[in-house]
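Work through the exercises below with the coordinates open. Each one gives a task, then a stepwise solution.

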Amino acid sequence: MTDITAPALAGKDVRDPASTRPIAYWLLVCCAMVFAMAVIGAITRLTESGLSMVEWKPLIGILPPLSEAEWNRVFGLYQTTPEFRIHNAAMDLAAFKQIFWWEWFHRFWGQLIGFVFLIPFLRFWVNGRIPADLWPKLAGLFLLGGLQGVIGWYMVKSGLVDRPDVSHYRLALHLGTAIVIYGLLLRTALGILDPLPLAGWATESGRLRKHARWALGLTGVTIVWGAFVAGTDAGLAYNTFPLMAGHVIPPEVANLTPWWINFFENTAAIQLTHRALALLTGLVVLGLALRVWVARLPGRAGRVALLTAAMVLVQIGLGIATLLSVVWIPLGAAHQAGAILLVSGLVWLLHELRPVGVPKR
């Protein structure tokens, strides 16, 4: 095990985790709710339910239709959308209710997260339980959550005007923002529960942390391209692995001009890019786990690295299974959940590797 000489902590102003532990537990509850929100969002997308609600009424719209007249009104609004006219013209009210409930639940859960965050935040604040350095972070997280609601409506609007699908760019922005919120919540909670991780005292932690940052960044880019795959329905094509229609690189990946637009607009190129990014991410994460394990760092870093390595293998397997199943909804939702669990492992590992230094007086 690496020899560590930790600076003496006697007399230093190190925050006592016991005094702020309830804040950490509250943030972890919010993490779990954001995790569930992402899975609900995936199911909403996969069941093509996301455009069933054409009104955005924060707070006052939290209740579903409670009368037959109200159901007919919201169904009438849906009948004016491109999705209904192009894809669902034969849909009746009973079928509409099936897709409506997923989108309603998705929005309801998002507003519930806001309440679960805001009410304890105000209570902790009024009672003077929030340290001065933590207050701006928590306020920023609340504002970011509100912005996420606006982004969600911005995404939905793109499918209500001329096209029967939401913009895959806006879908990627919505998912990416959710991942950022989740990661910040988790990082903040871990920082409260364990402000001085043991691995952070090791000299190797700085170099390993750079590797972990690259792994997390690459994971984020892969998730963005996964949103492109979902938003363009690219997962419904080339449902073989490892080849794509009998090719390593299908010739149609370069059909569009200029050439670079293929990575963002061409179904074949989008799926190929996501495959390549996923495999590269897997190699980078496995390499990171090996380096952390060989370093024999104190604390939990080695175990977290192994869990993260296992998760990246599971996630690649889920991605392949989702593709081969032509995006079976349970597998697609599990694949989205796996992406967030992989982010969780990398955020946790980054926390364990955080250089501690000498705490301020």
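**Exercise 1. The nonpolar cores**

Task: Find which residues of the largest nonpolar core touch the most other members, and trace the helices that supply the core.

Solution.
- Step 1. The largest nonpolar core has 51 residues. Ile23, Trp26, Leu27, Phe117, Leu138 and Leu185 touch the most other members.
- Step 2. Assign the core to helices. At least two residues each come from α1, α4 (93-126), α5 (135-157), α6 (168-193), α7, α9 (267-295) and α11 (329-352).
- Step 3. Look for a further core. A second, separate one holds 22 residues, including Val292, Ala305, Ala309 and Val312.
- Step 4. Zoom in on Ile23. Beyond four places in sequence, Ile23 touches Phe124, Arg129, Ile130, Pro131, Leu134, Leu138 and Ile192.

**Exercise 2. Confidence**

Task: This is a predicted model. Decide where pLDDT stays under 50.

Solution.
- Step 1. Start with the whole chain. The average pLDDT is 91, and 93% of the residues score at least 70.
- Step 2. Now the exception to check: residues 1-14 stay under 50 in pLDDT.
- Step 3. Count what the model places there. For residues 1-14 it has 25 contacts beyond four places in sequence.

**Exercise 3. Annotated spans against helices**

Task: Take the "transmembrane region" spans from UniProt and test two of them, residues 171-193 and residues 306-327, for helix content.

Solution.
- Step 1. List the record. The unreviewed UniProt entry places this feature at residues 23-43, 108-126, 138-156, 171-193, 214-238, 276-294, 306-327 and 333-351.
- Step 2. Test residues 171-193. This span is 100% helix and 0% strand, with end C-alpha atoms 33 Å apart.
- Step 3. Test residues 306-327. Here the content is 86% helix and 0% strand, and the end C-alpha atoms lie 29 Å apart.
- Step 4. Turn to α11. Its 24 residues reach 35 Å from first C-alpha to last, close to the 34 Å expected at 1.5 Å a residue.
- Step 5. Check its cover. α11 is mostly covered, with 18 of the 24 residues buried.

**Exercise 4. Two helix residues and a loop residue**

Task: Is Thr44 buried or exposed? Do the same for Val229 and Ser167, then describe their surroundings.

Solution.
- Step 1. Thr44 lies in helix α1 (residues 17-46). Its relative accessibility is 3%, under the 20% cut-off, so Thr44 is buried.
- Step 2. Look at its polar partner. A polar atom of the Thr44 side chain lies 2.8 Å from the backbone oxygen of Ile40.
- Step 3. Add the contacts from farther along the chain. Outside four places in sequence, Thr44 touches Ser49, Gly50, Trp102, Glu103 and His106.
- Step 4. Val229 sits in helix α7 (residues 205-231). Its relative accessible area is 12%, so Val229 is buried too.
- Step 5. Map its contacts. Past four places in sequence, Val229 is in contact with Ala234, Gly235, Ile270, Gln271 and His274. The C-alpha atoms of Val229 and Ile270 are 6.3 Å apart, with the two positions 41 residues apart along the chain counted as separation.
- Step 6. Ser167 lies in the loop between α5 and α6. At 10% relative accessibility, Ser167 is buried. A polar atom of its side chain lies 3.2 Å from the backbone nitrogen of Tyr169.

**Exercise 5. Backbone geometry in loops**

Task: Which peptide bonds to Pro242 and Pro258 are cis or trans, and what phi do Glu48 and Arg296 have?

Solution.
- Step 1. The Phe241 to Pro242 bond is cis, with omega near 5°. The Thr257 to Pro258 bond is cis, with omega near -5°.
- Step 2. Locate the prolines. Pro242 lies in the loop between α7 and α8 (262-265), and Pro258 is in the loop between α7 and α8.
- Step 3. Glu48 has phi near 55°, a positive value in a residue other than glycine. Glu48 is in the loop between α1 and α2 (68-78).
- Step 4. Arg296 has a positive phi of about 50°, although it is not a glycine. Arg296 lies in the loop between α9 and α10 (301-324).
- Step 5. Compare exposure with the cut-offs. Glu48 has a relative accessible area of 53%, over 50%, so Glu48 is exposed. Arg296, at 47%, falls between 20% and 50%, so Arg296 is partly exposed.

Methods
Residues are numbered from 1 along each chain as its sequence is written. This is a predicted model: local features need pLDDT of at least 70, side-chain atom pairs count only at pLDDT 80 or more; totals for chains, interfaces and linings use all residues. Side-chain values use heavy atoms; hydrogens and water are left out. Helices (H or I, at least four residues) and strands (E, at least two) are DSSP runs, numbered from the N terminus. Buried means under 20% relative accessible area, exposed over 50%, partly exposed in between (1.4 Å probe, protein chains only). Contact means heavy atoms within 4.5 Å. A polar contact is a pair of N or O atoms within 3.5 Å; within protein, one must be able to donate a hydrogen and the other to accept it, and residues adjacent in sequence count only if both atoms are side-chain atoms. A nonpolar core is a set of buried Ala, Val, Leu, Ile, Met, Phe, Trp, Tyr and Cys residues joined through side-chain atoms within 4.5 Å. UniProt positions are given in the numbering used here, feature names are shortened, and annotations may be inferred rather than shown by experiment. The expected span of a helix is 1.5 Å times one less than its number of residues. pLDDT is the predictor's confidence in each residue, from 0 to 100.
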